[in-house]
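Reader: I am new to this structure and would like to go through it step by step. Could we take the metal sites, the charged pairs and the sheet in turn?

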Amino acid sequence: MGTHVGRLWACGALTAALLASATAQCEIQHFEGYSNGLNGVVMFRQPSFSGTTSGFLAYTGACSSGPNCAQISLERNRTPLGSRALKVVWRFNGNPRAWLRLTTNNTLYYGNPTISFQRRLSLWLYVPSSTPDFYLTLGVRETHTKAACGANGGATGAIEWVGATQGSPTNPPIGKRITEKDRWVQVVFDLPNEPVLPFAGDANAILDGRTGVLEHLAFTPVDPADTRPYTVYIDDIRVLPNESDPVDPPWIFGLHEPGGEFAAVAEGKRIWILFTEALGADPNNQTGRDYRPYTNSGHGVIVRLNYGYHPNGTLPPSAQYANFAQRVANFVRNSHGAHIWIIGNETNLPVEWPGGESGEPITVARYVQVFRMCRDAIRSIPGHEDDWVCAAPVGTYAPPFPQYGIPGFLDYWAQMLEAIGAEQDGIILHAYTHGSDPNNIFSETRMQPPYDQVYLHFRVYRNLLSRVSPSLRHLPAFITETNQGEPWTNTNNGWIKNAYREIHTWNQNPANQAIWGVCLYRWPQIDPYYIEGKWNTIQDWREAMRNDYRWRRDAVGDTDGDGCVDDADLLGVLFAFGQRGYTRYDLNWDGVIDDADLLQVLFAFGHGC
Ligand SMILES: [Ca+2]
Ligand SMILES: [Ca+2]
Ligand SMILES: [Ca+2]
Ligand SMILES: [Ca+2]
């Protein structure tokens, strides 16, 4: 490791030594970031894959030679700023009971995607006029999964048909009739209110459980005798939010710990605030915390749950993991206004272990064990079933500690995320520069060998995100700590403006994992890295916040998250008109729904539809 790296790692140690409702909605797939022509590997298998319906197809050979494709295509796209969709091509053989089971079964990327049975599923289709009319039905598998929205929810359980009014295991499902051609059309399945018919396994015409997976799309010909080829483009598959789901602030600005919100409010913005809590592991301790003063003011709350701070450990000794998970559950149950939780901090660093370097190392295996216990405990609490529980950020730049079984930071991170798999809800990371030069934000400089693939400065966030499994790329990411690697110099030199511009630029590419927030480390005068009172630094931050940097890529004006600004959004704002509070209808996020929000809808009307 270079000397810079050693220095920053020492800073991390110093930091620790001095420290004494989310949403089951998500964007599942937009097909961005995959190579043109990839066939049968992104969410859907090629049409002939399912033996249930391959006998109804006129052609089951290679996609390159005939109509049997589910491939990434540049011919159509609906995603804002995107360029591709999934092009599905097949041909029926004239069998009067023909239908196509286009399945997600164990597909390489985004197979078996988890959906909520309590929300709507939206997808967009582009059907060329050469394609005959068809009916569309959802095949939903009841896997009772604990996976995050969109993540792999498994492949066992009964399959129900959603949206079909006729159909049986021996007769094709008659779902929503799709007749519009040569334009993108949205199809919404309102799962709690659609007709349900049994298809396979122990199906009973009832959606059992809260979650399951989108097992297939069923395409049934309106006229089975019409054997012309079918081409359908699919894009932007989403689980839409319910009215009562939490709404988070729209911008990417943030602070580590509260106190500086006034500077954001002065610029007409609200921010993400990272709170860090020391809970101990007393299973009888029922205390919690009320974060509503922050959320009621429009801020977003992210809570990092720790056992304690150095030398006690961010997590307790493994013998106390069960007690810690109980304490975590007690804290969450008795807290208000928070739905995003992080379990522990920088667990690859000896300074964060119980007893420090001479204590018990937090190996990847130990971390995964305690994380699962905590996530299960949190999401078992009524009202917290959809909370986001996120793995700890790693101590960025840290070397391996082979004597303790701890790999280097990127490997620790990748192994941890991989081992946890689908049952995590967001990605948390830390990124810094080595020095206050504002150009360090964009620097391409790498570390010295053998770490010469690793960015020395802020763009280390790209190294970290590149190690996130492709099947977790749709989850929200947050940079919950960033600074200059040394105390803020109290200069308005553009470092902060550059940092937010860098992340905004990153977010403009829909192939990149969206970064929802960047928290400056830190506000209060607890350690040498504080910002409070450093007015030139604060001015840099204020000037950054004059930009409308939002984490969503959809047009402002889309209140219901379906990617299109239309009558539903207009009606939503009109019905909420005059109300106070930060809700999905408060499009400029100032705490009141009024003309300004209405104008946002009107100006963007039709966008994305
Ligand atoms: Ca797309
Ligand atoms: Ca059922
Ligand atoms: Ca909308
Ligand atoms: Ca407003």
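Author: A term is needed before we start: a residue is called buried when its relative accessible area is under 20%, exposed when that area is over 50%, and partly exposed in between. The model is a predicted one, and the term is used throughout what follows.

Reader: Is Asp208 buried, exposed or partly exposed?

Author: Asp208 is one of the residues that coordinate the calcium ion (ligand 2), where it gives an OD atom. Its relative accessible area is 27%, and because buried means under 20% and exposed over 50%, the class that fits Asp208 is partly exposed.

Reader: Which residues coordinate the calcium ion (ligand 2), and at what distances?

Author: In sequence the donor residues are spaced E-x17-E-x43-N-x1-I-x1-D. Glu160 lies in strand S8 (residues 159-162), whereas Asp208 lies in the loop between strand S13 (196-200) and strand S14 (211-221), so this pair ties together parts that are 48 residues apart in sequence. Glu160 counts as buried, at 0% relative accessibility. The coordinating atoms come from Glu142 (OE, twice), Glu160 (OE), Asn204 (OD1), Ile206 (O) and Asp208 (OD), at 2.2 to 2.8 Å.

Reader: Is the site of the calcium ion (ligand 2) octahedral or irregular?

Author: Six donors count as octahedral if opposite donors are over 155 degrees apart and all others lie between 65 and 115. The angles among the 6 donor atoms here run from 51 to 163°, and because 51 falls outside those ranges, the site is irregular.

Reader: What are the protein donors of the calcium ion (ligand 1), and how far from it do they lie?

Author: Along the chain these donors follow the spacing H-x1-E-x44-N-x1-T-x4-R-x150-D. Thr79 counts as buried at 6% relative accessibility, and Arg84 is buried as well, with a relative accessible area of 18%. The donors are His30 (O), Glu32 (OE), Asn77 (OD1), Thr79 (OG1), Arg84 (O) and Asp235 (OD, twice), and they lie from the ion at 2.2 to 2.7 Å.

Reader: How many residues apart are Asp133 and Arg177, which form a salt bridge?

Author: A search of the whole structure finds 35 salt bridges, among them that of Asp133 with Arg177, whose closest N and O atoms are 3.7 Å apart. Asp133 is in the loop between strand S6 (120-126) and strand S7 (134-141), while Arg177 is in strand S11 (residues 176-178), and the pair links distant parts of the chain, 44 residues apart.

Reader: Which residues are joined into one network with Asp554 and Arg552?

Author: Asp554 forms a salt bridge with Arg552, the closest N and O atoms being 2.9 Å apart. Asp554 counts as buried at 9% relative accessibility, whereas Arg552 is partly exposed at 29%. Through salt bridges that share partners, these two residues are joined into one network with Glu27, Arg238 and Asp558.

Reader: Which strands stand at the edges of the open sheet of 8 strands?

Author: The order of this sheet is S20-S19-S18-S17-S16-S23-S22-S21, with parallel pairing, and the twist averages 25° from one strand to the next. An edge strand has a single partner strand, so one side is left without a neighbour in the sheet. The strands that stand there are S20 (388-391) and S21 (427-430).

Terms used
Residues numbered from 1 in each chain as written. Chains lettered and ligands numbered in written order. Predicted model: local features only at pLDDT ≥ 70, side-chain atom pairs only at ≥ 80, totals over all residues. Heavy atoms only, no water. Donors = N, O, S within 2.8 Å, 3.2 Å for Na, K, Ca; no water. Buried < 20%, exposed > 50% of the residue type's maximum accessible area, 1.4 Å probe, protein only. Salt bridge = Lys/Arg side-chain N within 4 Å of Asp/Glu carboxyl O. Helix = DSSP H or I, 4+ residues; strand = E, 2+ residues; numbered from the N terminus. Pairing = 2+ DSSP bridges. Axes fitted to C-alpha atoms, helices over the stretch in contact; angles between N-to-C directions. Tetrahedral: all angles 85-135°; square planar, octahedral: opposite > 155°, others 65-115°.
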